[in-house]
Amino acid sequence: MTLSVLPSGKTLGAEIVVDLAGDTDDATFRRIEAAFHDHIVVVFRNQRLSSERQIAFSRRFGELEIHIVKKYLLADYPEILLVSNIKNAAGENIGLADAGFTWHSDVSYRQRPSRCSLLYAIEVPEQDGVTLGNTVFANTIRAYDALPDSMKTWLAGRRAVHRYSERMRVANSPRPKLTAAQLAETPDVAHPIVRTHPFTGRRALYVTKGECIGIEGVPDDEGRAVIEELHDHCLRPEFHYRHQWRTGDLLMWDNATAMHLAICDYALPQRRLMHRTTVIGSVPF
Ligand code: SIN
């Protein structure tokens with residue numbers, strides 16, 4: 001298969017030019033995987049993917065997560081989570097309407113968080129020819145590298161506690177409250193604040209103030225202050241790439257080396273509809 005990689009010229013991001021509509025042979029897959037590890041966020045433009053194809057391509061990267069909010073799984077395809085502001089005839093959201101409105105890394109609340117997520121753009125909002133609902137990514141390898149040595153030393157071996165039920169949400173979040181069973185299924189989990197990438201060995205920050213409630217063995221106030229400092233450090237624009245969506249984009253990001261934020265600058269009748277597959281990763285170290 002022919003394939004080319006066009007770097008974004010930013011701190012992360014690249015376009016991979018290849019048609020994913022058919023099976024991807026092993027040699028092509030290995031080149032895609034290598035480009036993905038190099039660029040952290042990659043986009044495949046102008047795709048025409050059935051749900052089966054998105055699932056099959058995503059599975060090349062590992063086992064797929066079935067999202068805990070079952071209400072928004074695509075009928076007959078539970079591996080696909082609907083991310084959307086669209087409402088059905090009864091006035092109910094058809095998908096997660098507030099996914100990613102605070103900085104986060106997908107599924108950090110699991111023992112085995114996500115390796116990568118793949119988001120397929122079916123409807124993209126726009127106004128006066130300008131695309132709305134962009135997604136911003138922060139390169140947390142670069143953010144780690146830029147820390148002072150004293151902070152790197154202090155962070156070595158420390159673990160932050162991630163709590164799904166206290167994950168920061170927008171005011172009046174439309175998503176259903178977690179049931180007692182779902183809460184029991186998502187106990188607190190501690191992950192290293194400095195994470196080693198399981199494939200490349202590169203080190204990256206793995207902490208956001210919207211997901212982490214403290215640092216093990218550190219008094220609450222002090223832990224929260226460090227989490228906020230690291231989070232704010234990652235918000236420096238030089239670490240960022242902003243993805244402007246087009247219909248037919250399949251965007252894929254590395255949850256071990258990037259955190260992301262979905263910009264909510266649109267509202268109905270401007271519609272946004274995305275299909276997300278989420279690949280389970282390994283235990284962070
Ligand atoms: C997400 O965080 O998975 C959703 C990102 C987006 O909708 O842009």
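**Exercise 1. Find how much space lies in the second largest cavity, and describe its lining.**

*Solution.* Start with the volume: the second largest cavity holds about 110 Å³ of space. Keep in mind that you are working with a predicted model. Next, place this cavity in its setting: the count comes to 5 cavities of 30 Å³ or more. Then look at what surrounds the space. The lining includes Val-83, Leu-119 and Trp-253, along with His-104, His-260 and Thr-135. Asp-106, Arg-272 and Arg-276 are also among the lining residues. Finally, sort the whole lining by character: 5 residues are nonpolar, 4 are polar and 3 are charged.

**Exercise 2. Work out how strands E1 and E2 are arranged, and what is found in the turn.**

*Solution.* Begin with the strands themselves: E1 covers residues 4-7 and E2 covers residues 14-17. They run antiparallel and are joined by 4 bridges. To check the register, pick Val-5, which stands opposite Ile-16 in E2. Now follow the chain from one strand to the other: 6 residues lie between them, and the two strands form a hairpin. In the turn you will meet Gly-9, whose phi is positive, at about 85°.

**Exercise 3. Ile-40 and Val-107 each have a positive phi. Locate both and decide whether they are buried or exposed.**

*Solution.* Take Ile-40 to begin with. Its phi is near 70°, and the residue sits in the loop between helix H1 (26-39) and strand E3 (41-44). Its relative accessibility is 3%, so Ile-40 counts as buried, the cut-off being under 20%.

Now turn to Val-107, with phi near 60°. This residue belongs to the loop between strand E5 (77-84) and strand E6 (114-123). Val-107 has a relative accessibility of 3%, so it counts as buried too.

**Exercise 4. Identify the cis peptide bond between Leu-268 and Pro-269 and place it in the fold.**

*Solution.* Check omega: for the bond from Leu-268 to Pro-269 it is near 10°, and the bond is cis. Then locate the proline: Pro-269 is in the loop that lies between strand E17 (258-262) and strand E18 (273-280).

**Exercise 5. How many disulfides does the structure hold, and how accessible are Cys-212 and Cys-264?**

*Solution.* Searching the whole structure gives 0 disulfides. For Cys-212, the nearest cysteine sulfur belongs to Cys-234 and is 11 Å away, whereas a disulfide needs the sulfur atoms within 2.5 Å. As for accessibility, Cys-212 is buried, with a relative accessible area of 1%. Cys-264, at 45% relative accessibility, counts as partly exposed.

Definitions and conventions
Residues are numbered from 1 along each chain as its sequence is written. This is a predicted model: local features need pLDDT of at least 70, side-chain atom pairs count only at pLDDT 80 or more; totals for chains, interfaces and linings use all residues. Side-chain values use heavy atoms; hydrogens and water are left out. Two strands pair if DSSP finds at least two bridges between them. On a 1 Å grid over the protein atoms alone, a cavity is a set of points where a 1.4 Å probe fits but cannot get out, and a pocket is an open set with protein on both sides within 12 Å along at least five of seven lines; lining residues have an atom within 4 Å of a point. Grid points are joined across faces, edges and corners, and a volume is the space filled by probe spheres set on the points. Ala, Val, Leu, Ile, Met, Phe, Trp, Tyr, Cys and Pro count as nonpolar, Asp, Glu, Lys and Arg as charged, and the others, Gly among them, as polar. Buried means under 20% relative accessible area, exposed over 50%, partly exposed in between (1.4 Å probe, protein chains only).
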